[in-house]
Amino acid sequence: MEQLWKDTAKFHGHECPGLAIGFKAALAAREYFGISSTDDEDLVCISENDACGIDAIQYLLKCTVGKGNLLIKMRGKSAYNFFDRTKNRSIRLVLKDMNKDMTREEKQNYILNHDSNELFDYTEVRHQIPERARIFNNVNCSDCGEKLAEHFARIQDNKPVCLDCFTEYKRFD
């Protein structure tokens with residue numbers, strides 16, 4: 001376990017409490033689903049933050065944004081939703097409150113040395129399992145000329161434009 005933590009910290013770049021949270025969440029997901037990791041899209045994580053912990057999830061579970069099995073739904077919560085497509089199971093892990101008076105090092109040690117059941121509330125997942133990643137056709141923006149995936153294009157003056165060139169219609173704030 002100690003070497004796995006060191007390898008995860010090396011991947012991330014340093015040790016920190018945030019990485020420890022993701023480390024323990026990833027280990028909890030492994031245990032819950034009875035897996036070590038996956039190289040395909042069978043395991044999916046929807047993280048509700050973009051903090052250090054998702055690096056541990058990438059490293060330990062092989063969930064990545066590029067493969068489409070790590071999705072970030074910004075809610076500012078230390079919450080991780082895991083789906084195992086092969087077993088049709090899911091779990092939501094939400095970090096419990098901790099003593100706010102701990103130093104950074106004490107917090108990291110507390111997280112690493114406590115059981116996941118003490119660290120997280122295990123609850124029902126609030127999301128539907130995401131569909132597998134799709135490959136979309138590209139279109140050229142009629143304003144800037146850059147290519148973009150067609151599902152991000154907007155129609156303006158009967159031509160496709162990217163979100164950066166699109167002029168949103170707003171009548172009030």
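Q: Which helices do the buried residues of α1 pack against?
A: This is a predicted model, in which local features need pLDDT of at least 70, side-chain atom pairs count only at pLDDT 80 or more, and totals for chains, interfaces and linings use all residues. Residues are numbered from 1 along each chain as its sequence is written, and side-chain values use heavy atoms, without hydrogens or water. Contact means heavy atoms within 4.5 Å. The buried residues of α1 pack against α2 (17-33), α3 (53-61) and α4 (104-112).

Q: What arc around the axis do the buried residues of helix α1 cover?
A: Buried means under 20% relative accessible area, with a 1.4 Å probe and protein chains only. Helices are DSSP runs of H or I, at least four residues, and strands are runs of E, at least two, numbered from the N terminus. In α1 (residues 2-12), the buried residues are Trp5, Thr8, Ala9 and His12. They lie on the same side of α1, because the arc, taken from the directions from the helix axis to the C-beta atoms, is only 100°.

Q: How many residues of strand β3 are buried?
A: Ala79, Asn81 and Phe83 are buried on one side, and Tyr80, Phe82 and Asp84 on the other. Strand β3 (residues 79-84) is therefore largely enclosed by the rest of the structure, with a buried count of 6 of the 6.

Q: Which residue of β4 stands opposite Phe82?
A: Two strands pair if DSSP finds at least two bridges between them. β3 and β4 (residues 89-95) run antiparallel, joined by 6 bridges. Opposite Phe82 in β4 stands Ile91.

Note on methods: Buried < 20%, exposed > 50% of the residue type's maximum accessible area, 1.4 Å probe, protein only.
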